[in-house]
Amino acid sequence: MNYPRLTAPVIVCLLAGLTVVAAAKGLFQASAPAKAKPQATASPENPNQPPILFVQAPVVAAGENRFPQGSRLVRLAPGPKPQTVVNLTPEFFAAADPQVSFDGTKVVFAAQERPGANWQLWEMHADGSGRRQVTRLSGDCLRPAYLAREGIVFTFLSGESGRSVSQVYVCKLDGSEAHPITFGPGNFQVETVLKDGRVLVSASSPLAPEAKESAELYTLRHDGTGLASFRCDHRQPAVRGQATELDDGSIVFVKSASLQRGVGGELAAIRRGALHNSSLSPLASISWSPRPLEARKLIVARQNIVPGTNPGRFDLYAFDFASGQYGELIYRDPKLSSVQAVPVAAHPVPRWYWSTLNPKADAGYFICLDSRFSADVPQGRISTPVARVRVLMLEPAAHQERALGEAPVEKDGSFYLAVPPDRPMRFELLDESGRVVRAQRSWIWTRPGEERGCVGCHEDKAVAPENRWPLALKSFDTPTRLGVEPQAVASH
């Protein structure tokens with residue numbers, strides 16, 4: 001991100017005898033499953049390949065309305081070609097975003113019962129039976145992912161002041177206790193749940209309402225604590241999304257140019273331990289929705305290059321992560337795009353973070369070890385002496401910021417604050433004359449009772465903090481309270 005930030009250093013089809021009707025309004029429908037008829041081509045028999053669930057649609061579009069003519073969730077079983085698919089969602093106008101449970105027996109997905117209806121989350125057995133509705137919220141529920149301990153994280157899209165705003169929500173498997181875990185205006189989208197338990201999300205960069213030119217990857221815990229950029233690649237503005245994690249911890253995602261309005265882009269990866277991303281696929285290839293298939297192999301929707309066909313259609317291919325090469329064709333339909341494929345197989349349950357939040361706490365806490373540290377300045381250190389820090393808070397209703405006040409910065413660059421929780425905030429470092437030395441351009445927050453630390457001001461993530469006791473914690477361990485009642489005290 002191209003701005004100083006104060007964040008923690010730890011700082012996560014049915015062509016099974018179905019008649020497809022594209023009505024005058026573009027409605028994409030299908031009858032109930034019937035006897036399968038071969039109508040598409042697929043890869044040769046692979047006895048080791050599990051069944052695959054994926055989405056089929058006549059049109060795949062960019063933006064919020066990804067499937068304007070409807071879509072369906074289908075299941076493809078391994079076997080000799082030509083293979084057939086079975087429609088698992090014939091009762092819905094549109095279905096998307098399938099995610100398989102950790103034991104491989106169930107799938108959670110988003111669906112739209114009729115054109116114009118809100119998207120809600122549903123769960124069913126992997127064979128399409130036992131379907132039940134999970135959410136019943138007033139906005140669109142999209143991009144679900146299973147959490148450990150019987151939970152779901154998802155994207156919730158709602159309208160505010162005539163515009164769409166998306167946040168990350170969590171709920172139980174029965175849909176109860178749905179609540180947000182993001183509070184900034186960056187239009188957060190769920191990407192995946194990492195093996196270490198953190199939730200990987202994408203959001204506008206910087207995290208501001210007007211930021212549309214770029215999208216970065218971020219991590220946070222399932223309780224909304226510890227928001228951090230996954231990697232700082234702001235020097236290469238791009239839209240990053242459709243991310244997934246491989247067995248070795250590498251993150252594969254789709255990267256497209258900032259001004260590109262089409263669907264998909266090039267495949268890129270952040271390998272375990274790397275500070276920046278690297279390209280995987282040929283630049284001429286347009287890819288979408290990569291997902292793990294085997295140890296070092298992915299299943300990727302690739303825009304077809306078959307002469308005489310619709311150039312916007314996507315087909316499913318295997319992709320070798322080690323070589324960066326596309327492999328065999330897995331599935332191709334002559335009329336429909338095939339995207340968002342996931343294998344129906346068991347996979348490891350991610351780690352679980354025990355939340356230490358106190359819902360009744362009226363404050364959250366920021367402790368900065370040395371605000372003079374910054375990866376954006378020569379020698380990684382701000383040369384101008386920093387005297388104070390100003391805290392600005394965003395008022396959600398008015399979409400305007402206001403100053404909460406200022407706090408002293410100690411000689412070692414440290415400061416300690418208590419602020420209202422679950423409110424977007426940013427910081428400005430000031431010199432002795434009150435002039436701004438560095439200004440944060442992103443919005444962050446702290447949750448009720450959360451004690452959030454950071455090394456510096458957009459610090460280098462490859463550098464560990466010095467092991468010392470900051471001066472800001474030597475003053476009876478008392479924070480400067482800004483916008484918080486006097487009785488608020490630190491929780492440690």
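Strands here are DSSP runs of E, at least two residues long, numbered from the N terminus. With that settled, the model, which is a predicted one, can be walked through starting from its second largest pocket.

That pocket has a volume of about 700 Å³. Its lining counts 29 residues, and Lys 195, Thr 244, Glu 245, Pro 292 and His 347 are the closest to its centre. Plenty of strand material goes into the wall: at least two lining residues come from each of β7 (94–100), β11 (140–147), β15 (189–193), β19 (239–245), β23 (287–294) and β27 (337–343). The top contributor is β23, which gives four residues to the lining. Sorted by class, the lining has 19 nonpolar residues, with six charged and four polar ones making up the rest.

Strand β23 also holds Ser 289. Ser 289 counts as buried because its relative accessibility is just 1%, against a cut-off of under 20%. The Ser 289 side chain has a polar atom 2.9 Å from the backbone nitrogen of Gln 340. Leaving aside residues up to four places away in sequence, Ser 289 touches Gln 242, Val 254, Ile 299, Val 300, Ala 301, Val 339 and Gln 340.

Next comes β21, covering residues 266–270, where five of five residues are buried. Neither face is left open: Glu 266, Ala 268 and Ile 270 are buried on one side, and Leu 267 and Ala 269 are buried on the other. As for partners, β21 is joined to β20 (residues 251–256) by five bridges, and the two run antiparallel. In that pairing, Lys 255 sits opposite Glu 266. The strand β22 (residues 278–279) pairs with β21 as well, again in the antiparallel sense, through two bridges. Here Ala 269 of β21 faces Ser 278 of β22.

Elsewhere, there is an open sheet of four strands, ordered β34-β28-β31-β35, and its pairing is mixed. The edges are taken by β34 (451–454) and β35 (480–481), each of which pairs on one side only. In general, strands of a sheet pair through backbone hydrogen bonds, either parallel or antiparallel. For β28 (residues 364–368) and β34 the sense is parallel, with four bridges between them. One of the residues involved is Tyr 365, whose bridge partner in β34 is Glu 451.

Technical notes:
Residues numbered from 1 in each chain as written. Predicted model: local features only at pLDDT ≥ 70, side-chain atom pairs only at ≥ 80, totals over all residues. Heavy atoms only, no water. 1 Å grid on protein atoms, 1.4 Å probe; cavity = no way out; pocket = protein on both sides within 12 Å on 5 of 7 lines; lining within 4 Å. Points joined across faces, edges and corners; volume = space filled by probe spheres on them. Nonpolar A, V, L, I, M, F, W, Y, C, P; charged D, E, K, R; others polar. Pairing = 2+ DSSP bridges. Buried < 20%, exposed > 50% of the residue type's maximum accessible area, 1.4 Å probe, protein only. Polar contact = N/O pair within 3.5 Å; in protein donor to acceptor, adjacent residues only side chain to side chain. Contact = heavy atoms within 4.5 Å.
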